[in-house]
Amino acid sequence: ERLTRPAAEIDDAILLASEILYDMKSPEDGRPIILQTLREGLSLSSDDEVVGHILKDVCTFSGWTLGMLRDKGFSEATVDSLRP
């Protein structure tokens, strides 16, 4: 389902991450990966950095691609910021 807002923001990134990373555990400590993602994201200073960090973890820990994020409604600028 495509997002209804023109550009997805923090709420949408958190919602997607909580769905995609659900039940995934960190190999280091066995805690939910989403906790690490949110903790690290909250330490960043701008909304764009937070969204980028959350979406990077979605792609890192799952099979999601940049194209899938774009199809979900995340802006080109956001998706482009995730390129290596």
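**Close-up views of a five-helix chain**

**View 1. Leu-16 and its contacts.** Setting aside residues up to four places away in sequence, Leu-16 touches Leu-55, Val-58, Trp-64, Leu-69, Lys-72 and Phe-74. The model shown is predicted. Leu-16 sits in helix 1. Is Leu-16 buried or exposed? Its relative accessibility is 3%, so Leu-16 counts as buried. One of its partners, Leu-55, lies 39 residues away along the chain. Even so, the C-alpha atoms of Leu-16 and Leu-55 are separated by 8.4 Å.

**View 2. The largest nonpolar core.** This core holds 17 residues. Which of them touch the most other members? They are Ala-13, Leu-16, Ala-17, Leu-55, Leu-69 and Phe-74. Four elements give two or more residues each: helix 1 (10–20), helix 2 (33–42), helix 3 (47–61) and helix 4 (66–72). Helix 3 supplies the largest share, five residues. In soluble globular proteins, nonpolar side chains tend to be buried together.

**View 3. Ala-17 and its contacts.** Ala-17 is among the core residues that touch the most other members. What does Ala-17 contact beyond its neighbours within four places in sequence? The partners are Tyr-22, Ile-34, Ile-54 and Val-58. Val-58 also appears in the contact list of Leu-16.

**View 4. Asp-23 in a loop.** Asp-23 lies in the loop between helix 1 and helix 2. Its phi is near 70°. That is a positive value in a residue other than glycine. Is Asp-23 buried or exposed? Its relative accessible area is 58%, over the 50% cut-off, so Asp-23 is exposed.

**View 5. The whole chain, for orientation.** The chain has five helices and zero strands. From the N terminus on, the order reads α-α-α-α-α. The radius of gyration is 12 Å, close to the 12 Å of the globule rule for 84 residues, so the chain is as compact as a globular protein of that length. The C-alpha atoms fill a box of roughly 35 × 25 × 25 Å along the principal axes. Of the 84 residues, 33% count as buried. Among contacts between residues at least 6 apart in sequence, 52% join residues at least 24 apart.

**View 6. Surface and charges.** The accessible surface of the chain comes to about 5300 Å². Carbon and sulfur atoms account for 54% of that surface. The chain carries 9 positive and 16 negative charges. How far apart are their mean positions? The two lie 3 Å apart.

Terms used
Residues are numbered from 1 along each chain as its sequence is written. This is a predicted model: local features need pLDDT of at least 70, side-chain atom pairs count only at pLDDT 80 or more; totals for chains, interfaces and linings use all residues. Side-chain values use heavy atoms; hydrogens and water are left out. The radius of gyration is taken over C-alpha atoms; the globule rule is 2.2 Å times the number of residues to the power 0.38. Buried means under 20% relative accessible area, exposed over 50%, partly exposed in between (1.4 Å probe, protein chains only). Contact means heavy atoms within 4.5 Å. Accessible areas come from the Shrake-Rupley method with a 1.4 Å probe; for residues, only the protein chains shown count as cover. Lys and Arg count as positive and Asp and Glu as negative; His and the chain ends are not counted. The place of a charge is taken as NZ of Lys, CZ of Arg, CG of Asp or CD of Glu. A nonpolar core is a set of buried Ala, Val, Leu, Ile, Met, Phe, Trp, Tyr and Cys residues joined through side-chain atoms within 4.5 Å.
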